[in-house]
Every structure is written in structure tokens, then in C-alpha cells.
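Thanks, everyone. I would like to walk through one helix and the contact between two chains that surrounds the discussion today, so please have the model open as I talk.

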Amino acid sequence: MTKLRAVCYINQFFAGLGGEEKAHEGLLVYEGAKGPGLGMQPMWKGEMEIPLTLACGDNFFNLEENYEAVKPEILRLVREAAPDVVIAGPAFNAGRYGVACGKFCDLITSELGIPSVTGMFPTNPAVEMYLRKTYIVATGETAGAMRTSLPKLAALALRLAQRAPLGPAAAEGYLPTGVRINEVDERSAACRVVDMLMSKLRNEPYRTEIPLRKDEKVPAAPPLPDYSKVKFGLVTMGGLVPKGNPDKLKMYASETYGTYPIDLATFDSAHYESVHGGYDTTAVNKDPQRLVPYTAALNLLERGLIGSLTPYFLSTCGIGTNVGMAKKIGGEMARQLKEDGVSAVFLSST
Amino acid sequence: MTMRLTRKYYPVRELREGDRCAYSAGTLTVSYDELLAVAKPYGKNIAKIWFEVCRPGENARIVHVLDTIQPMYKTEHPANWGGKEYPGILNYPHTAGCGVTNLLEGLAVMECAAMPWDEGSASSGLLYPRDAVIQTTGFYKHYTPFADTINLIVNFEVLPDRTSDEYDNDIRKSGMAIAQHLARLTEGQPAQREEVFDNTPVAGLPGVALVWMCQNQGVYANTLYYGLPIYDIAPTLLEPNEMLDGAVVGGNLGWPTYKIPTWTHVNGPIVLELYRRHGVDLNFAGVILARSHQPSNWHKDRCAQIIAKMAAQLNCAGLIMQWEGGGNACIDGMLTIQNGERRGIRCALLTFEFGGKDGTEGQLLVDDVPEADAVVSTGSWERPVHLDAVDVAYGGKTLRLDKEKGGYFPDAREAIDFETNVHMYMGGNQSGYSRIMAREY
């Protein structure tokens, strides 16, 4: 049986050249395993070997012009070695080494279609940069964790080389790549939630299945000093559209919004309706001004309390829309209104 | 003093047609004429009822699903005050949860109907029953228990020009009458097994309550508690046995994915799990029933604070948060968790998640609080759903989709793709029944 093949990438330090003073070293080529590869090779029990190890100084590889210059040579060498997987690092919490490992893996996987894996401490800044481009095994913070990190890296590298279908991040030991897939668990949600509560009550470790969103605050806009000089817009999340829903707005999980002119003569139940799927629309279907209070706004305008008013409204259905899509729709609405000189809106949510 | 309820189980392994309804040793014989007569008094607004049976192992799709009922019948209850099963629907709203209740195990009575779409009767917006679909094979069979039950499908055709209220009421009562009639056939017969439910506290174990926050937004989006919608309810304390006996009945027909059918109210997966562990490592302190989709922040905070107070009053160490419905309910639930944790009550939650069409949209919930650090995923409802073609369709011949775009009516047996799982009955898995979850890759 022919052995599977892994090409490794390391930096000047793990190649044994030295530390910071050798960080400018260019591409170095070693036959066979070197550094961490020496530790990993026996773990594969003859199933996989390392025919080639490449190394660069971290400063060298991080400089874009050097990287571009050395890229063709790296691709040539790796193509020639014909590996089943490439392994970079582990880089632990070293920032420049982490970026170099990510860059190397990304290059080989995207250019040659060969799977890649590296290892980093979860807060290494390079993790965020390369999470979606290569597999990253969570390691300890420093090279002191080499002994505990290598088995995880070696195991995942072997599975990638075997082209084995990879299981979920937690089971395989890699950092989540940001993709979530619906699957059937062994146990019902009811059993798992009771278990999780009991673990929490006993102060035992448990793993939440839905991580909370990253800290995100929307700061309130500064107050407008004088409404009488401000142009106002009209926006509703209540799904008001001209009858027949000309733009085919979705009644839930919105992806778009509509812009509709207002003519008081026809701004009524005969010409407008709500297509929102999340509340009883009976009342607004009798009078569209329950969602878009145009007459009331005109009254403010006539009394000079507001500067001017758009003769149209923007509308979407605020229901079952994920946060990313809501940001996109909201951003587009704001952009359109700003281009029209609007700096405040009457916004009705439902 | 706690309640003691004995559930007697009568398995249904075979359902066959006969001249009269009978139950004997695992075989249920049904006379459809007899069932029609039973339903008749409740059907003032019903034009026609007909029956179908979907059995385990069939490659089938059931469409137009409304509510699903666990047939059960109380044979004993306290003489002076005890109520019957599903109190407040057909029976007088006396307190349920004590005595003996017979269940036809493995039988589901399923109401199906193509409800009118016209404005006059079906109202608008949220308040119309979107087509709810059950697929009994493949990945999506895991959403519901009904791929493994014998489903007696009661199809309704309603009379034109009546109100939504009238249709809703008639269908519920007719379905209940049929379920009750069948379960009553077990009276006097030996049960295959029985189970006693008694949550008398055991010293030294932590108290845990279930917060059951149900949807109530009008006809077709209601939850009934002792026969009435919970629209204006303040959080209310239930004995777990009241849930088992049907004090809470589902009427949420608007969004199939968010539905909690009556079947899963009375066979509540979390209620049953908490009972399984009662006296082992926890004390099941009770069920706090509340309304989700509180209309404003004022209402939401009020509701959350009352729940937290009630859990503290019960001496609970922990609570499990469960809600029915979408983003609005998420805020109610998160505030409840925050208020609970602030009072030192540990909280765990189960919820469906977002995540986008391909699972890479990183914001999984529309709202959260830092205290919500123990969350079970019941899967993402945003992933596209592909249903393979099936051999047979029940409940209707075509699907009824895209009302807001004028309607789309494909053959109910053909393969079909949905943008999300919105049409999948119990797809949001808010009862906790399903083993489907979203895993990080």
C-alpha cells in the first residue's frame, strides 16, 4: 500500500535557525520531516509520511512582495511532492507565524485543491483571518503545549488526507468555521436542555449549543437641534404595499423593501394593504395611515414644526428576518433616504 | 398537596374499519359512520367530514394539518372537584390532573382542512392557517412524532361565509369528540402498562420549573387554558399533571413551524423528561404558563418579572425556558431568563435559530441577554427544505402555498423545495420533541 503524503510548513524558529534575528530568512527546503513533523510522523503509524518540509522566516513571509515572489516556487515544490494534505505550524499564539501558516494553507488549498490544516491558540488574530479558508486546530498558548497539540493536528491531518468526511467542529477538534448544519442528534432537545440545566446547577462544565452574538451595541443618534429645518422620511416595518404587492415583498424573512409614492387622493384601503405575516392586519387594511401617518405628518409640516417631508414611504415586513439581512435592508433604506437629504424618519414597527 | 395521576396506556398497533367502534388488545376498530355521528353536534359550520389513515412505514406526506390530538379519557377523578380530560373544551373546566386517565398510545387524531383564504372568513396577515406539512420519510420525518404513530386523519370541508372563530371552534370540538369517543372504548379493559405521576418533593433536591410561554394573537394563533385563550393571562402556575390531562390545548395554526400541537402539550417532551428525573436529581416544581408575543416592552418586562417572582416563590434553583413563536417571543424569553438569573435562578433555554440559508449568518438569535449562556439548539428554520416525492398524500391533493403572491398549488405527492422550513409542521421544534439540532462545522 502506498503511503499518504503530508507536506509541512514551519517558520525559522522551528526549523532550528533561530528566533527574531533569523525572521528575515527566505524559503528553505528540507527533505523529509523537520521540527513538529518529527513528532507527528510516528503518530500516523506508517499510514502517512512527510516527504518535504518548507520553511520561511516570519517577517519574510508576512511581507506581501516577498510572498508574491516566492509563491510560484512554493507551488512548484508542493505540486511536485504531490501531498494528500499540507500541515502548517502549529503557530500557538504567535501572530506573524499564525498569519504565515494561514497564508500557506490558503494558498495550497485554493490553488492546488489540496486540503490543509494548521494549529493555533483560539485568540490568535490569524484565526479570524483564515477560519473559513483552512481547518484550524485549537492549541495551547505557547510551544510548551506542543505535546498536547500535535496529536490533534496529526489526527485531523490524517483524516483530511484520507478524504474522510469531517464531523462537527467539536467532535473533530477544529475551530468552528462559521457554518452550521441541521443534523439529527442522538438525544431530543428536551433531554439535552434538562441535562444542560442540571450541569449548570451543579457548576459542572457544559457547552451551550448557540453561542451568543458578539458584543454589538447600536449607539443612539445624536438629537437633532431643530426639526423645523429637517427633512423627514416615512418608513414602516408593517408591510404596507399598494394592492397586489407589485414588488412581491415577502410576508416574512424579508430580503428587500419597496418605495411607494403617496397621493392623498388614493392613500386608502381600496389602494393599499399590508402583506405582513406576523400580526392581525385587519385594522391597517382599513386605513393605511395607521402604518404611515401621512396626514399627521403633513399637519406638522403645515404648522412649520418639520422642515419638509418625502412624498413617498419605504416599506418592508419586519418578521422572521435574520440580523444580517435586517442590517442590509436597513442600511440600504438609510442610504437611499440620505441621498434624498432626509435626516429623520417616522418609523412604525409592528 | 401535590396531585397524583395514573396514566393507563392502551397501545394501538392496528387500526381497522368495522361496523362499530371497539378496542381490543392493541386493535382499534373504527366505524366512520359512528364517528361522524359523534362529531355531528359540533359541526354547525362544517360541510363534510371524511377520514384517512396514515400508518407507520408509509412513504407519505400529510398536508393542510391543523391540530393533532392525543386520544385520552378520564375514568376516575376526585368526586367533588376533579375535572375530566381536556377541561374547558368539551368537558366542564374543572381542575384536571388527578385520578386515572386512559390513553390510546401510538394513535394520533389529526385534523386537516383547506381553510378558506378569502378576507371575510380567514382574516388577514398572521391569522390564517398556512399549509402545514408532515413528511413521514427521510430527514424531515424527525420533526414530528407522527411518522411513528397511526394517524387517524379527520378531513374537514367547511361551509362558506362563516367566521374564523366558528370554523376554529367546530373543528377543535369535532376532533376532540372523536378522540374522546375512541379513548373511551378502553374503559374497563386491562391496560398494557400504567405510570404514576406525582411530583411530591423529595428533600435535598433542587427545584426546577418549566416556563411554558405560548402564543396567543387571535383566532388561528391561540393557546387555550381550561377552554379560554390566554390573551390577557398573567403568568399562571400549573401542576405538571394539569398539562398531562390537557388543561392546555394548542390552537396556533398560523405558522406550521412554530406550532405546538395539543398532542405535544399533553405529551410534553420536557414535562415528561422533568418527571423522569423528578426525585432522582431534581424536584419538578411546576409549570409556569405565560403568553409569549407580549405587545410592548412594558408588557414583556411585567410578564418576565412575574415569572421570575413565581419561580423564586416556588423555591426553584433552576428553570427551563421554552417559548412558542418567533422573534417577538424570543425577547419575552430572554427577559425572563435575565430576570430569573438576577434573582439567582439558573436558566436554560431551548430555541430554534436563524443562521441564514447556508448556515453562515453568524447572528443566530434576534435577541439575547448575557445571562442566556445555556442554550440548546432545536435546529435552524432558515435552511432550504427539499422533500422527495412520496407514494401517497393525505389531507389534500395539492399544497396551498404563497397566498400573498396569489397562490401556488403543486401536487401534494411531488418532490418540492421550500426556501425555509416554515411549512414544516413542528419544524421549529419548540416542544423539544425532535432530535434535530444545528451543529457547528
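Let me start with helix H8 of chain A, residues 189–201, in what is, I should stress, a predicted model. With 13 residues at 1.5 Å a residue, H8(A) should span 18 Å, and because its end C-alpha atoms are 18 Å apart, expectation and model agree.

Which residues of H8(A) are buried? They are Ala189(A), Ala190(A), Cys191(A), Arg192(A), Val193(A), Val194(A), Met196(A), Leu197(A) and Met198(A). What these buried residues pack against lies in chain B, namely strand E14 (207–214) together with H6, E20, E21, E22 and E26 of that chain. After the helix comes Asn203(A), whose phi is positive, near 55°.

Stepping back to the contact as a whole, 52 residues come from chain A and 64 from chain B. On the side of chain B that touches chain A, the elements giving two or more residues are helix H6 (269–277) and the strands E20 (316–323), E21 (346–353), E22 (375–380) and E26 (436–440). E22(B) provides the largest share of that side, with six residues. Sorted by class, the side of chain B that touches chain A holds 26 nonpolar, 23 polar and 15 charged residues.

Finally, E26(B) also takes part in strand pairing across the chains, since it is joined to strand E7 of chain A, residues 180–184, by five bridges, the two running antiparallel. Within that pairing, Glu183(A) has Met437(B) as its bridge partner in E26(B).

Terms used. Residues numbered from 1 in each chain as written. Chains lettered and ligands numbered in written order. Predicted model: local features only at pLDDT ≥ 70, side-chain atom pairs only at ≥ 80, totals over all residues. Contact = placed C-beta atoms within 7 Å. Helix = DSSP H or I, 4+ residues; strand = E, 2+ residues; numbered from the N terminus. Nonpolar A, V, L, I, M, F, W, Y, C, P; charged D, E, K, R; others polar. Pairing = 2+ DSSP bridges. Expected span 1.5 Å × (residues − 1). Buried ≥ 20, exposed ≤ 12 C-beta atoms within 10 Å, placed from the backbone.
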